[in-house]
Amino acid sequence: MGESLFERAAARIPGGVNSPVRAFGAVGGEPFFVARAHGARLVDTEDRSYLDYVQSWGASILGHAHPVVVDAVQRAAADGTSYGAPTAREVELAEAICARVPSVEKVRLVSSGTEAAMTALRLARGATGRAKFVKFAGCYHGHADALLAQAGSGVATLGLPGSAGVTPGTVADTIIVPYNDFAALDDALAVHGADVAAIIVEPIAANMGLVPPAPGFVEGLRARCTQHGALLVLDEVITGFRVGPGGAQVLAGVTPDLSIFGKVVGGGLPLAAVGGRAAVMDELAPLGPVYQAGTLSGNPLATAAGLAVLGELRPESYDALERSAERLASGLRGAFADAGVPVQVTRAFTLVGLFFAAEPVGDYEAARRADHGRYARLFHGLLDRDVFFAPSGYETLFPSLAHTDADLDATIDAVAECARELG
Ligand SMILES: Cc1ncc(COP(=O)(O)O)c(C=O)c1O
C-alpha cells in the first residue's frame, strides 16, 4: 500500500493540517480528508459520508455547496478572481451588513476573523489613545499575539496557556478576566480603568465549548465601557448572522462601539469584517491615522458568496435553525439522561454545546474541568457511526439549514448508542 494522505500531509505540512484542531490532537486518531460536501454531509477521500456538525466552524449556515452560493461564486470567478481595486459588491456587502446590524454605520472588509480582531484592537487603541484592553479567559479572537493569552478553541485543545513566540511585552497590556465574572472585572477596572482602550468579548462564548452569557452580562459590559471611556468590541465572528439577523448584540439589546464578523458573512470564503460607529471607523486609513490594508480584502469571490448567503437568510430561517438546535439539544439531553451520563447541554439560539460535567459551565475553568476524555470517546463513537462532531470538547455544534429533522434524529440515535457505551 502507498503512503496515506495523512502521511504525505504530515511530511510536508506541520502536523499534517493547516489549522491545529483539524489534526484530531484532542480526540486522538488521524483526521479524514474531505473530498466534497453537500448540504449537511461531508464525503471523505475514501467515499465515506458523514453528517457534519462542524460546517466550516459555523461558516456554512445554509449547508455545504448551496446552489445559490455556488452559482454566485462561479459567476464571480468568470469575471476575475481579484483586482486590487474597488468593486460594487464590496459596497453592497457593506450596505447589507449595516442594514442588518444597527450599531454598524461603517465597515471594513478583511480576509479572516483574526485580521478583523487585530484591526478592531488597533482601532480601539488608536481611537482612545489607550494601550490596555480586557479579554475574557476562554474567549478566542483569532491568533494575533496580544489576543492569544488564555484563548479558547485550538489553544484550549492543545492545553497551551498562550503560545510560544508571544513575547511578554506583546501581552503586557492584555488584562484577562473570567467570563461572566463582574467582580473580577470591576477589580481590574478599579486599577486599570483609565488605561483600558477596549473590552473585547464573544457575546455568546463559543470557543470554550458553548457558554452563554449570564443574564445581564453583555449589558453590564456596555455600562462599564461607557463609565470608563473604553470601547466595547463584540466579537460576532461566530454569532453574527448566525444567531439572528442582527447577531447576538441585537438579541441582547446592546450597542457596541465596534463589532467583528466572519464565517457566515463570507459564505464559506475567506472574508471577515470590522464595523461600528462611523466616528471610530473613520480613524482607519486613508481617512485617519490607524493603518490597515489587505491585497485580498473585499475579494470578489468572497463578497459574492457573502451576499448570496445573506440574501438567502430570512427571519424564518433563524426560527427554523433554532427549532433544529432545540431538537438536537433536547435529544442529546434525553440520550445522556437515559444512559445515566451527567452532561450539560447548552443552547444559545441556533448554537448547541456539550460538556461532560455535573454542574453548569459558566467560565473557562469550569469548561476545563469537564471530562474531555469522555468527549473524545463520544467523538470517535459518533465518527464510527458517520457523524462528525467537532474534534475537541472546546468547540460548538453547528446545525445548518440543510440538516433535516431526520438527520437530527439519526444523530440523536447515534448519540444514544454511544451514551450507553460511555455510561
Ligand atoms: C469568535 C471568533 N473570533 C475570531 C476567530 C478567528 O477567525 P479566523 O479563524 O477566521 O481567523 C474565530 C475563529 O474561529 C472565532 O470563533
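Two exercises follow, on the ligand site and on the sheet of a predicted model.

Local features require pLDDT of at least 70, side-chain atom pairs count only at pLDDT 80 or more, and totals for chains, interfaces and linings use all residues. Residues are numbered from 1 along each chain as its sequence is written, and side-chain values use heavy atoms, with hydrogens and water left out.

**Exercise 1.** State which polar atoms of Gly113, Tyr140 and Asp235 approach the ligand.

*Solution.* A polar contact is a pair of N or O atoms within 3.5 Å.
- Step 1: a polar backbone atom of Gly113 is 2.8 Å from an oxygen atom of the ligand.
- Step 2: for Tyr140, a backbone N or O atom lies 3.3 Å from a ligand nitrogen atom.
- Step 3: Asp235 places a polar side-chain atom 2.7 Å from a nitrogen atom of the ligand.
- Step 4: of the 390 Å² of accessible area (Shrake-Rupley method, 1.4 Å probe) that the ligand has on its own, the protein covers 80%.

**Exercise 2.** Describe the strand order of the open sheet and identify its edges.

*Solution.* Strands are DSSP runs (E, at least two residues), and two strands pair if DSSP finds at least two bridges between them.
- Step 1: the seven strands run β4-β10-β9-β8-β7-β5-β6, with mixed pairing.
- Step 2: β4 (106-110) and β6 (174-178) are the edges; each has a single partner strand, so one side of each lacks a neighbour in the sheet.
- Step 3: β5 (residues 132-137) pairs with β6 in the parallel sense over five bridges.
- Step 4: Ala137 has Pro178 in β6 as its bridge partner.

Conventions
A polar contact is a pair of N or O atoms within 3.5 Å; within protein, one must be able to donate a hydrogen and the other to accept it, and residues adjacent in sequence count only if both atoms are side-chain atoms. Helices (H or I, at least four residues) and strands (E, at least two) are DSSP runs, numbered from the N terminus.
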